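Me: Please take a close look at the pocket lining for me, and follow it into whatever is around it. Skip the generalities and give me the cut-offs as you go.

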Amino acid sequence: MRFTKEEKSWMMYDWSNSAYGIVVVTAILPIYFKAVATGAGVSAANSTAYWGYANSFSTLIVALLAPVLGAIADYQPYKRMLFIRFSALGIIGTALFPFVPASWWGVLLAVFVISNIGYSGANIFYDGFLTDVATADRMDRVSANGFALGYMGGVIPFVVVMILELTNGLGMMSQTMIVHFSFFLSALWWLVFALPMWRNVQQTYFLDSVDHPVRTSWHRVRVTIGRIVHNRPVALFLLSYFLYIDGVDTIYTMATTIGVDLGLNSSLLMVVLLMVQLIAVPFSILYGRLAQRIGTRPVLLIAIGFYAFITLYAYFLRGQAGFWFLAVLIGMNQGGIQAVSRSHYARLIPKHEASEYFGFYNIFGRFSAIFGPLLVGVMTQITGRSTTGASSLFIFFFIGFIVFLFVPRETTASRKG
C-alpha cells in the first residue's frame, strides 16, 4: 500500500508532536516536577497527585471547547487555521519551560497546562483531517501508521536526551541544562516536522461559509447532540470510548511518577520508556493490518480486555522487574487501541462534519482523562501506594468492554465508505 503526499504529511504530524508526548509529558517533565516539588517540601504522594490534577485541569479546558471548536472548523478555512494556532500554542508553551525558575513548581504546572491545551487542542483538528486525507478502506492503515510514526519519531529525540542523561551531558552539561535542552529540542522537533502538515494538507470536506460561524456552530452543536443520542452506533461507541480511553491516557500520563515511587531512577525510566516506544511501532502497524483484515470491532474488544488485565497486574506490582514487564504490555497495546479507535469512529460519522464529530470524540476522550488522573491521585493519597491508584482504573476498562459489546457490528459497506 503506497501512501499519498497528503497521507504522508498527515502521518508526519504524529512524528512531530511525539517528542512532546514522550520527552516532555512522560519522561522528563514529571520527574523534573517531582524533584522541584520535593525540594519545596511537597511529599511524594502529593506531588504525584498534583501532577494528576494538572493533567485533569488542562484536559477539562480542551474538553469544554472541543465541540464548538470542531463545529467552527467544519467551515472553510477554519480547520487548518485552528490546527496551526493550537499546535503553535503547544510549541511555544514547550519552549517556555526552561525559563521557569527551578523553585516555582506551581508556575511549572501552569506552563504545562498551557502547552497541553495546545497539544490536545491541535489533535482535535488533526484527527478531523483523517477523513480529508484517506478513504474509508485506507483509514485503518493510515491511522495506525500515523501512530507508528509517532512512536518512532519520539525515539530519536528521546535517545538524544537519554545519551545526554547517561553521559552527564557528554561531560559538559549539568542535569538542569540537560532538562532545559530536552524542552528546547522537543519544541524544535514539533515545529520542524509539523510544517508538511501545515503546507500540504487541505480541508477536502467542508460546510458552506456562514456569516456568524461561532453562533451557528453553537446551534449545530446542540443539534448534533440530539443526532448522536439517536445514532446508536455512534452513541454506544462514544460511551465505551469515554470509559476505556480514560485508562489508556491515565496510564500513559502517570506511568513515570509510578516508576519513581517504585524506586526507579531517571536513567532507568528513560530506558524503559525507550523500550515502550520501540515495541509500540510494530504493534501499532500490526493493529492496523489486523483491523483491516477482521474489522475494528473485534480488535478493539481484544485491546480493551488486554488493558483490563494490565490494571489488575498493576495491583500486584512491587519491584522494578514488574514495572519493566508492565511497560512491555503497555507498549504492545497503547498505539494500536488509539489508532483503531480513531479509524473506527471516522467511518461512523459524516465527512462534511468530521471536525465537529471529532470534537465530541475529543470531549469524551478528554473528559475521561479528567477522571482517570483524579481517581489515581485520590486513591494514591488514600492508600499511599500509586500502584493501587493505577489498579483502580480497572473499573473503566471493565464497563467500557461491556458497553462495546452492544456496539453494532461493521458492515462491508461501512468499511469501504
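**The pocket and what is around it**

Reply: With 5 residues, helix 1 gives the most to the lining of the largest pocket. Keep in mind that this is a predicted model, where local features need pLDDT of at least 70 and side-chain atom pairs count only at pLDDT 80 or more, while totals for chains, interfaces and linings use all residues. Numbering starts from 1 along each chain as its sequence is written, and side-chain values use heavy atoms, with hydrogens and water left out.

The largest pocket holds about 180 Å³ of space. It is lined by 11 residues, and Ile31, Tyr32, Ala35, Gln175 and Val179 are the closest to its centre. Helix 1, helix 7 (175-200) and helix 10 are the elements that give two or more residues to this lining. Sorted by class, the lining of the largest pocket comes out as 7 nonpolar, 3 polar and 1 charged residues. (Nonpolar covers Ala, Val, Leu, Ile, Met, Phe, Trp, Tyr, Cys and Pro, charged covers Asp, Glu, Lys and Arg, and the others, Gly among them, are polar. Helices are DSSP runs of H or I with at least four residues, strands are E runs of at least two, both numbered from the N terminus.)

Now for a residue on that helix. Ile28 also sits in helix 1, and it counts as buried because its relative accessible area is 7% (buried is under 20%, exposed over 50%, partly exposed in between, with a 1.4 Å probe and protein chains only). Apart from residues up to four places away in sequence, Ile28 touches Val23, Val161, Val179, Ser182, Phe183 and Met270, where contact means heavy atoms within 4.5 Å. Val179 is one of the residues closest to the pocket centre, and it is among the contacts of Ile28 too. Going the other way along the chain, Ile28 and Asn46 are 18 residues apart in sequence and 18 Å apart in space, C-alpha to C-alpha.

Just past helix 1 there's Ala40, in the loop between helix 1 and helix 2 (44-73). Its relative accessibility is 45%, so Ala40 is partly exposed. Ala40 and Ser103 are 63 residues apart along the chain, yet their C-alpha atoms are separated by 6.8 Å.

Closed space is the next stop. The structure has 2 cavities of 30 Å³ or more, and the second largest takes up about 270 Å³. Its lining has 24 residues, with Ile251, Tyr252, Ala255, Phe323 and Ile330 the closest to its centre. (On a 1 Å grid over the protein atoms alone, a cavity is a set of points where a 1.4 Å probe fits but cannot get out; a pocket is an open set with protein on both sides within 12 Å along at least five of seven lines; lining residues have an atom within 4 Å of a point. Points are joined across faces, edges and corners, and volume is the space filled by probe spheres set on them.)

Helix 1 turns up here as well: helix 1 (5-39), helix 9 (232-261), helix 10 (266-294), helix 11 (296-315), helix 12 (320-348) and helix 14 (386-391) each supply at least two residues of the second largest cavity's lining. Helix 9 gives the most, with 6 residues. By class, that lining has 17 nonpolar and 7 polar residues, and no charged ones.

Two residues give a feel for the helices on this side. Thr311 belongs to helix 11 and is buried, at 1% relative accessible area. Neighbours within four places in sequence aside, Thr311 contacts Ile251, Ala390, Ser391, Leu393, Phe394 and Phe397; Ile251 is also among the residues closest to the cavity centre. Ser240 is in helix 9 and buried as well, with a relative accessible area of 0%. With neighbours within four places left out again, Ser240 is in contact with Ile304, Gly400, Val403 and Phe404.

Zooming out, the protein has 16 helices and 0 strands. Its C-alpha trace spans about 55 × 40 × 40 Å along the principal axes. Of its 417 residues, 59% count as buried. Among contacts with a separation of 6 or more, 86% join residues 24 or more positions apart.
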